[in-house]
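Student: I'd like to learn how to read charged pairs and cysteines in a model. Can you walk me through it?

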Amino acid sequence: MCGRYNFSVEESAELREIVQQMEAKNAKADWHTGEIFPTNQAPVLLWEQGVEEPELLGWGFPGFKSSKSIINARAETADQRPMFRESLKERRCVIPSSGFYEWDASKQKYLFQLPDEDTLYMAGLWKEFEGQRRFCILTTVANSSISEVHSRMPVVLPKSRMEDWLGSGRAAEEILRAVPPMLVKYPVSAQMRLW
């Protein structure tokens, strides 16, 4: 499960570029950098006429039986669930970040990142609810770099596969079945700020 992630422009030229594109489109948009929480507005990459375009979307699909947002979808079953099926076919997105957070059983918080990379891209789905576009993050079974902390992890996209994920249904199926890349973890202290 991915319940929070980081969008730190100070550490990533790629994230700064996304912010510049967002500001060029809408300088008055209400969003922030740093730790992103469910329901926050955040930059997401969509496939618009064959080009990756950043858009501001809310994190989480509205829940039908509770007030909680649905922030994640299991990659293994997304094609079987009515809430995610059409989005998996036609509305895939990429969530740019500088890493994501998980907590272990003792409540220690960790930041997970790709080794030697300052940007981590996650596979996601988007859908429109009452005129507002919202996204969720696809998760898969955790590999050994994460499994001691949590049993699930986001579907991490190599930068070279982002266009495939956004534009090709067949490639998207391959990506969902691929072995996730190994990540590095950093303990996060209560006093540490990453933005």
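Student: Is Lys89 buried or exposed?

Tutor: Buried means under 20% relative accessible area, exposed over 50%, and partly exposed in between (1.4 Å probe, protein chains only). Lys89 has 54% relative accessibility, so Lys89 counts as exposed. Keep in mind that this is a predicted model, where local features need pLDDT of at least 70, side-chain atom pairs count only at pLDDT 80 or more, and totals for chains, interfaces and linings use all residues. Residues are numbered from 1 along each chain as its sequence is written, and side-chain values use heavy atoms, leaving out hydrogens and water.

Student: Which side chain meets Lys89 in a salt bridge?

Tutor: A salt bridge puts a side-chain nitrogen of Lys or Arg within 4 Å of a carboxyl oxygen of Asp or Glu. Here the partner is Glu86, at 3.8 Å, N to O. Both sit in helix α2 (residues 82-90), three residues apart, about one turn of the helix; helices are DSSP runs of H or I, at least four residues, numbered from the N terminus. Glu86 is partly exposed at 35%.

Student: How many salt bridges does the rule give?

Tutor: The count is 10. One of them pairs Asp164 with Arg161 at 2.8 Å.

Student: And why are Cys93 and Cys136 not bonded?

Tutor: A disulfide is a covalent bond between the sulfur atoms of two cysteines. The rule wants a pair of cysteine sulfur atoms within 2.5 Å. The sulfur of Cys93 has its closest cysteine sulfur in Cys136, 7.4 Å away, so that is too far for a bond. Cys93 is buried at 0%, and Cys136 is buried at 0% too. The disulfide count is zero.

Definitions and conventions
Helices (H or I, at least four residues) and strands (E, at least two) are DSSP runs, numbered from the N terminus.
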